[in-house]
Amino acid sequence: MSKIQLTLREFLVVQLAQQGCSNKEITQQLNIQESTVKSHRKNIMKKLGLKGKTEFIKYLLRKY
């Protein structure tokens with residue numbers, strides 16, 4: 001089984017999302033655009049094989 005490789009920014013987005021931060025709060029924390037946060041989430045979901053926001057939230061809850 002291969003290990004999933006997230007970029008540093010993707011990892012930070014996951015950490016902040018696990019803490020309950022919204023996209024807007026993540027943009028403020030990381031000083032990036034909301035569209036960038038959405039791109040990171042999309043890439044994270046693709047790398048993890050998640051389909052949809054519900055699966056992403058379930059993943060965050062399992063890892064928290």
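## Helix α1 and the turn after it

In this predicted model, helix α1 spans residues 8–18, and its buried residues are E10, V13, V14, L16, A17 and Q18. Just after α1 comes G20, whose phi is positive, at about 95 degrees.

Two of the buried residues of α1, E10 and V13, return in the surroundings of a residue of helix α3: H40 is in contact with R9, E10, V13 and I32, once its neighbours within four places in sequence are left aside.

## Helix α2: a buried side and an exposed face

Helix α2 covers residues 23–30, and within this helix N23, I26, T27 and L30 are buried. These residues lie on the same side of α2, because the arc that they cover around the axis is only 105 degrees. The face of α2 turned away from that buried side carries the exposed residues K24, Q28 and Q29. As for what covers the buried residues of α2, the cover includes both α1 and α3.

T27, which is found in α2, has a relative accessible area of 12% and is therefore buried, since this value falls under 20%. Not counting residues up to four places away in sequence, T27 touches I32, Q33, E34 and V37. Just after α2, N31 takes a positive phi of about 55 degrees, as G20 does, at about 95 degrees, just after α1.

## Helix α3: H40 and S35

Helix α3 runs over residues 34–48 and contains H40. The relative accessible area of H40 is 13%, so this residue counts as buried, the cut-off being under 20%. I32 appears in the contacts listed for H40 and also in those listed for T27 of α2.

S35 likewise lies in helix α3, but its relative accessibility is 48%, which means that S35 counts as partly exposed. In sequence S35 is 12 residues apart from N23, and in space the two are 9.1 Å apart, taken from C-alpha to C-alpha. N23 itself is one of the buried residues of α2.

## The chain as a whole

The chain has four helices and zero strands, and from the N terminus on its elements follow the order α-α-α-α. The C-alpha atoms fill a box of roughly 35 × 20 × 20 Å, taken along the principal axes. For 64 residues, a compact globule would have a radius of gyration near 11 Å, and the 11 Å of the chain therefore agrees with that expectation.

Of the 64 residues of the chain, 33% count as buried. Among contacts between residues at least 6 apart in sequence, 43% join residues that are at least 24 apart.

## Surface and charge

The accessible surface of the chain comes to about 4900 Å², and carbon and sulfur atoms account for 51% of that area. The chain carries 13 positive and 4 negative charges, and the mean positions of these two sets are 5 Å apart.

Definitions and conventions
Residues numbered from 1 in each chain as written. Predicted model: local features only at pLDDT ≥ 70, side-chain atom pairs only at ≥ 80, totals over all residues. Heavy atoms only, no water. Buried < 20%, exposed > 50% of the residue type's maximum accessible area, 1.4 Å probe, protein only. Rg over C-alpha atoms; globule rule 2.2 N^0.38 Å. Contact = heavy atoms within 4.5 Å. Areas by Shrake-Rupley, 256 points an atom, 1.4 Å probe, with all protein chains shown as cover. Lys, Arg positive; Asp, Glu negative; His and termini not counted. Charge placed at Lys NZ, Arg CZ, Asp CG, Glu CD. Arc of directions from axis to C-beta.
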